Amino acid sequence: MLGGFIRSEKSKTKNGIPLLQDIPLLGYLFSSSTDAKKRSETVVLIRPTVLRTPELAAAQAVKEQERLPGISAAVAEDTADEHKLVEAQRKAEQKRAAAEQKRAKSQGDHFNPVSPDSAIDTNAVTFPNP
């Protein structure tokens, strides 16, 4: 066993008919009270497994992910969130570039940034031989 959490809750509630529940001695006839105790435990258990090669480890990891569908769902959710974040950053960069072009154009500059989609001619660059 690695560890865990123990949570205990106590609650006391009182319900009743307004005004009538406040009458001394007779108020008990028009009200009810409840005491509740709740305890929950979460225990973390680890079972070590020795795998002789990285290939066996990778195969076992895939097998465990298939066995626990919550892991696959969490990975898919994280991937979707990451794609949304990347897309939002890309749109923000495009907006900044467009604003910069507009600003430069209004000032009369001949600003022509290289777009990320344009191709770079690698034949124009020469590298020395070692």
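Let's start with Lys-37. Lys-37 sits in strand S2. Remember that this is a predicted model. Is Lys-37 buried or exposed? Lys-37 is exposed, at a relative accessible area of 74%. The cut-off for that word is over 50%.

Who are its partners? Set aside the neighbours within four places in sequence, and Lys-37 is in contact with Glu-9 and Lys-10. Take Lys-10. Along the chain, Lys-10 and Lys-37 are 27 residues apart. In space, their C-alpha atoms are separated by 4.5 Å.

Now go to the start of that strand. S2 covers residues 31-44, and Ser-31 is found in it. Which residues does Ser-31 touch, once those up to four places away are left out? They are Lys-14, Asn-15, Gly-16 and Gln-21. There is also a polar detail here. A polar atom of the Ser-31 side chain lies 2.9 Å from the backbone oxygen of Gly-27.

Next, the other strand. S1 runs over residues 3-16. Lys-12 is our example, and its place is in S1. Lys-12 counts as exposed, with 67% relative accessibility. Beyond four places in sequence, Lys-12 is in contact with Thr-34 and Asp-35. One more pair to look at is Lys-12 and Ser-33. They are 21 residues apart in sequence. C-alpha to C-alpha, they are 7.1 Å apart in space.

On to the loop between S1 and S2. Three residues there are on my list.

Ile-17 has its place in that loop. Ile-17 is partly exposed, with a relative accessible area of 41%. That value falls between the 20% and 50% limits, so the label is partly exposed. Compare positions with Leu-29. Ile-17 and Leu-29 are twelve residues apart along the chain. Their C-alpha atoms are separated by 9.7 Å.

Leu-19 is next, in the loop between S1 and S2. What is the sign of its phi, positive or negative? Phi of Leu-19 is positive, about 70°, although Leu-19 is not a glycine. Leu-19 is exposed, with a relative accessible area of 68%.

Then Leu-25, also placed in the loop between S1 and S2. Leu-25 has a positive phi, near 65°, and it is a residue other than glycine. At 76% relative accessibility, Leu-25 counts as exposed.

Let's move to the helices. H1 covers residues 54-67. H2 covers residues 69-106 and has 38 residues. From its first C-alpha to its last, H2 reaches 56 Å. That is close to the 56 Å expected at 1.5 Å a residue. What follows H2? Gly-108 does, and its phi is positive, near 85°.

How do the two helices meet? A word of background first. Two packed helices are described by the angle between their axes and the distance between the axes. Here, the axes of H1 and H2 come within 4 Å. They cross at roughly 95°. Angles of 65 to 115 degrees count as roughly perpendicular. So H1 and H2 are roughly perpendicular to each other.

Which residues make the meeting? From H1, they are Gln-65, Glu-66 and Arg-67. From H2, they are Pro-69, Ile-71 and Ser-72.

Now step back to the whole chain. How many helices and strands are there in the protein chain? There are two helices and two strands. Along the sequence, the pattern reads β-β-α-α.

How much of the chain is buried? Buried residues make up 2% of its 130 residues. The chain exposes about 12,600 Å². Carbon and sulfur atoms supply 58% of that area.

Last, the contacts. Consider those between residues at least 6 apart in sequence. Of these, 50% join residues at least 24 apart. The pair we opened with, Lys-37 and Lys-10, is 27 residues apart along the chain.

To recap. Lys-37 in S2 is exposed, and Lys-37 is in contact with Glu-9 and Lys-10. Leu-19 and Leu-25 each have a positive phi. H1 and H2 are roughly perpendicular.

Terms used. Residues are numbered from 1 along each chain as its sequence is written. This is a predicted model: local features need pLDDT of at least 70, side-chain atom pairs count only at pLDDT 80 or more; totals for chains, interfaces and linings use all residues. Side-chain values use heavy atoms; hydrogens and water are left out. A polar contact is a pair of N or O atoms within 3.5 Å; within protein, one must be able to donate a hydrogen and the other to accept it, and residues adjacent in sequence count only if both atoms are side-chain atoms. Contact means heavy atoms within 4.5 Å. The expected span of a helix is 1.5 Å times one less than its number of residues. Buried means under 20% relative accessible area, exposed over 50%, partly exposed in between (1.4 Å probe, protein chains only). Accessible areas come from the Shrake-Rupley method with a 1.4 Å probe; for residues, only the protein chains shown count as cover. Axes are lines fitted to C-alpha atoms, for helices over the stretch in contact, and angles run from 0 to 180 degrees between N-to-C directions. Angles under 35 degrees count as roughly parallel, over 145 as roughly antiparallel, 65 to 115 as roughly perpendicular and the rest as oblique.
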